[in-house]
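Welcome to this short tour. Open your viewer, keep the selection tool at hand, and follow the stops below.

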Amino acid sequence: MSEVLFKVLIVGDATVGKTSFVQRYVHGNSRREYKPTIGVDFALKVIRKENTTVRLQLWDIAGQERFTSMTRVYYKGAAACVIMFDLTSQQTFNSTIRWKQDLDSKCTLPGGKNIPCILVGNKSDLTSRPVAKETIDKVCREYSFLGWTEMSVKDDNNVSETMDYLINELLQNYEAQSEDMMDHTDAGQGGFIQLSNQKKNPSEKRLCCD
């Protein structure tokens, strides 16, 4: 069985749920009280995919402005990124553009391409939705995200499914590079990513890049 290690960044404004997401994904529970991340926190998740053991090194990066000067150091060696926002907060969505621009200016794959990045709207369990899906689609395509999806860390909805999607992208890239082929990732496809665990919207049939 082969083994690979991927460093995955988790970025976004403070209070969007990054640390709770990591806690839920790695340990199966979420942080109830809010404690801001100081600088960066780390977590490790081991997943077995067929004949491959995947070790995910998750870097939960603080969202406060005073820590952004350190992002170049934190981004080094990253293979992928999750940029999170709060579905109930227009401001945190607007900030995702700044986070993506900062990421693209400081971190690339060995071949020079941008690292694969998925956009995630947290708190899908809440009803307030100030950001239209069409607007999110447009930002995804304009700023070259793999795509976007919704999750509820609180309800454990689409947490592991989002990471499974990203891991599959990483493994395809890894296999392509191992065979001396071009980078598999088609950055900029954008669009909504329909995952398997859409409890809140069972009638939603949209697919990525529709």
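A residue is called buried when its relative accessible area is under 20%. By that cut-off, buried residues make up 51% of the 210 residues in this chain, which you are viewing as a predicted model.

**Stop 1: the whole chain.** Switch to a cartoon view and you will find 5 helices and 6 strands. Trace them along the sequence and the pattern reads β-α-β-β-α-β-α-β-α-β-α. Now turn on the surface: the accessible area is about 10,200 Å², with 48% of it belonging to carbon and sulfur atoms. If you like contact maps, note that among contacts with a separation of 6 or more, 72% are between residues 24 or more positions apart.

**Stop 2: T96.** Select helix 3, residues 90–106, and pick out T96 within it. Is T96 buried or exposed? Its relative accessible area is 1%, so T96 counts as buried. Next, show the backbone oxygen of F93, which lies 2.6 Å from a polar atom of the T96 side chain. Then display I83, M84, F85, L119 and F145: T96 is in contact with these residues, leaving aside its neighbours within four places in sequence.

**Stop 3: the second largest pocket.** This pocket has a volume of about 230 Å³. To find its centre, select A78, A79, L109, P110 and Q177, the closest to that point of the 16 lining residues. Colour strand 1 (2–11) and helix 5 (159–178) as well, since each supplies at least two residues of the lining. Which element gives the most to the lining? Helix 5 does, with 4 residues. Colouring the lining by class gives 11 nonpolar, 4 polar and 1 charged residues.

Methods:
Residues numbered from 1 in each chain as written. Predicted model: local features only at pLDDT ≥ 70, side-chain atom pairs only at ≥ 80, totals over all residues. Heavy atoms only, no water. Buried < 20%, exposed > 50% of the residue type's maximum accessible area, 1.4 Å probe, protein only. Polar contact = N/O pair within 3.5 Å; in protein donor to acceptor, adjacent residues only side chain to side chain. Contact = heavy atoms within 4.5 Å. 1 Å grid on protein atoms, 1.4 Å probe; cavity = no way out; pocket = protein on both sides within 12 Å on 5 of 7 lines; lining within 4 Å. Points joined across faces, edges and corners; volume = space filled by probe spheres on them. Nonpolar A, V, L, I, M, F, W, Y, C, P; charged D, E, K, R; others polar. Areas by Shrake-Rupley, 256 points an atom, 1.4 Å probe, with all protein chains shown as cover.
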